[in-house]
Amino acid sequence: MKHEPQIKIPATYMRGGTSKGVFFNLTDLPEEAQVPGPARDALLLRVVGSPDPYGKHTDGMGGATSSTSKTVILSKSDIADHDVNYLFGQVSIDKPFIDWSGNCGNLTAAVGSFAINSGLVDADRIPENGHAEVRIWQANIEKTIIAHVPITNGKVQETGDFILDGVTFPAAEVQVDFLDPAGEGSMFPTGNLIDELEVPGIGTFKATMITAGIPTIFLNADEINFNGKTYNGTELQEAINNDDEALEMFETIRAHGAVKMGLIENIEEAANRQHTPKVAFVAPPADYVSSSGKNISANDIDLNVRALSMGKLHHAMMGTAAVAIATASTIPGTVVNLAAGGGERQSVVFGHPSGTLKVGAETELQNDQWIAKKVFMSRSARILMEGWVRVPGDCF
């Protein structure tokens with residue numbers, strides 16, 4: 001039998017925040033994959049190793065989790081006052097599907113350094129020492145993000161002593177600013193800070209549904225009680241990801257919330273929109289031991305948050321969900337704000353399965369409508385490997 005040989009494509013494997021993915025310069029992709037469509041999706045699926053019924057990604061670059069089954073395509077920006085266009089694809093593990101409906105906040109931390117290293121940022125915007133402000137156009141959600149990339153002797157500084165819970169080793173700190181993360185219209189698609197979300201067969205929940213960063217449904221942990229199992233907001237991954245009934249429950253809640261948010265018309269459509277919305281549950285501060293064995297004290301956090309991504313409890317916190325947490329925490333009366341003690345605030349420190357994270361937001365009430373001006377947080381990023389990725393020439 002005759003088989004097409006493998007082709008090689010320039011690529012960089014990067015960690016950004018608590019995620020990692022395969023980064024491409026748009027012009028390095030085969031011509032058929034330089035535009036959206038089946039050829040691009042087929043190529044990226046093969047790069048990652050999906051769909052994989054074994055759930056391992058043994059034959060690809062993915063890591064068989066929502067945090068590691070990711071692809072990024074960057075190009076020099078055609079948007080005024082921006083340096084680079086950033087397109088993110090969340091790759092399904094066991095299905096032939098890439099979700100282009102949202103951003104990855106964690107990998108955003110790596111976009112600036114990749115853009116600089118790839119020559120996508122004009123040289124006169126990069127200081128000899130200090131921080132380069134890389135202006136990113138997030139093409140999935142059409143938003144502006146500013147990455148403050150540390151520079152030493154004209155080069156991206158990746159090493160440092162910044163500790164990010166969920167990442168094993170220290171690195172250089174990268175501050176990321178998400179500008180106007182909610183955009184036009186109400187960031188609360190139902191018009192309410194809290195709704196009654198009725199999920200047949202499961203229950204009725206007080207829910208804050210918000211579109212800042214990424215569409216997210218926030219619930220109170222102590223209201224979740226299904227098949228005799230209760231939640232308190234200090235759960236680690238194994239408590240949920242090894243429980244098929246719990247995962248099905250959260251996916252059903254997510255689907256009904258997506259309908260109420262107007263993202264889909266019926267719950268069946270949720271299967272083809274896996275990346276958004278996210279579902280998360282919150283609780284007041286409580287002591288717990290993180291997945292790394294670190295003792296987290298209730299005195300050191302404002303609230304606990306647990307979030308699911310692509311059908312599984314996230315090992316830390318998605319960057320885009322952290323944007324939603326930051327925004328909702330500063331708006332009095334949301335589920336998130338109340339879990340943090342209520343009232344006015346500009347930032348919170350929240351506990352997640354791997355540790356803690358501080359996030360902040362600038363929000364204000366204008367004409368009876370809440371506006372998010374900016375959300376900020378710190379992440380880190382570094383190149384893990386660079387060169388070429390190889391795929392069979394007939395895969396797309």
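Let us start with strand β4, which is mostly covered: of its eight residues, seven are buried. Please keep in mind along the way that the model you are looking at is predicted.

Strand β4 has several partners. With β3 it pairs in the antiparallel sense, over seven bridges, and you can find one place where the two strands meet by looking for Thr-71, which stands opposite Gly-89 in β4. With β6, the pairing of β4 is parallel and runs over three bridges. Here Tyr-86 is a good landmark, with Gln-138 as its bridge partner in β6. A further partner is β5, a strand of residues 98-99 that runs antiparallel to β4 and is joined to it by two bridges. Val-91 has Ile-98 of β5 as its bridge partner, and six residues lie between β4 and β5 in the hairpin that they form. As you look along these strands, it may help to know that side chains in a regular strand alternate between the two faces of the sheet.

From here we can turn to the salt bridges, of which the structure holds 12. One of them joins the side chains of Arg-125 and Asp-83, with N and O 3.0 Å apart. This pair links distant parts of the chain, 42 residues apart: Arg-125 sits in the loop between α2 (105-117) and β6 (130-138), and Asp-83 in the loop between β3 (70-76) and β4 (84-91). Are these two residues buried or exposed? Asp-83 counts as buried, because its relative accessibility is 5%, whereas Arg-125 is partly exposed, with a relative accessible area of 27%.

Another salt bridge brings together the side chains of Glu-223 and Lys-206, at 3.9 Å from N to O. Glu-223 lies in the loop between β12 (216-220) and β13 (225-226), while Lys-206 belongs to strand β11 (residues 203-210), so the salt bridge ties together parts of the chain that are 17 residues apart in sequence. Glu-223 is partly exposed at a relative accessible area of 25%, and Lys-206 also counts as partly exposed, at 39% relative accessibility.

Arg-345 and Asp-302 form a salt bridge too, and their closest N and O atoms are 3.9 Å apart. Again distant parts of the chain are linked, 43 residues apart: Arg-345 is in the loop between α6 (335-339) and β20 (347-352), and Asp-302 is in the loop between β17 (295-296) and β18 (303-309). Arg-345 has a relative accessible area of 22%, which makes it partly exposed, and Asp-302 is partly exposed at 25%. Some salt bridges share partners, and in this way Asp-83, Arg-125 and Arg-135 are joined into one network.

Strand β20 is also home to His-352. This residue counts as buried, because its relative accessibility is 2%. Which residues is His-352 in contact with, leaving aside its neighbours within four places in sequence? They are Asp-165, Tyr-288, Val-305, Arg-306, Ala-316, Met-317 and Leu-357.

Next come the empty spaces. Rolling a probe the size of a water molecule over the atoms shows where such space is left. The structure holds four cavities of 30 Å³ or more, and the largest cavity has about 80 Å³ of space. Its lining is made of 16 residues, with Lys-70, Cys-104, His-275, Ser-309 and Met-318 nearest the centre. The elements that give two or more residues to this lining are α2 and α5 (319-329). By class, the lining of the largest cavity has two nonpolar, 12 polar and two charged residues.

Then there are the pockets. The largest pocket has a volume of about 870 Å³. It is lined by 40 residues, and Asp-94, Ser-309, Met-310, Gly-311 and Lys-312 lie nearest its centre. Helix α4 gives the largest share of this lining, eight residues. The lining of the largest pocket divides into 16 nonpolar, 15 polar and nine charged residues.

The second largest pocket has a volume of about 300 Å³. Among its 18 lining residues, Arg-15, Val-167, Thr-168, Arg-382 and Leu-384 lie nearest the centre. Strands β2 (19-25) and β23 (381-392) each supply at least two residues of the lining.

Methods
Residues are numbered from 1 along each chain as its sequence is written. This is a predicted model: local features need pLDDT of at least 70, side-chain atom pairs count only at pLDDT 80 or more; totals for chains, interfaces and linings use all residues. Side-chain values use heavy atoms; hydrogens and water are left out. A salt bridge is a side-chain nitrogen of Lys or Arg within 4 Å of a carboxyl oxygen of Asp or Glu. Helices (H or I, at least four residues) and strands (E, at least two) are DSSP runs, numbered from the N terminus. Buried means under 20% relative accessible area, exposed over 50%, partly exposed in between (1.4 Å probe, protein chains only). On a 1 Å grid over the protein atoms alone, a cavity is a set of points where a 1.4 Å probe fits but cannot get out, and a pocket is an open set with protein on both sides within 12 Å along at least five of seven lines; lining residues have an atom within 4 Å of a point. Grid points are joined across faces, edges and corners, and a volume is the space filled by probe spheres set on the points. Ala, Val, Leu, Ile, Met, Phe, Trp, Tyr, Cys and Pro count as nonpolar, Asp, Glu, Lys and Arg as charged, and the others, Gly among them, as polar. Two strands pair if DSSP finds at least two bridges between them. Contact means heavy atoms within 4.5 Å.
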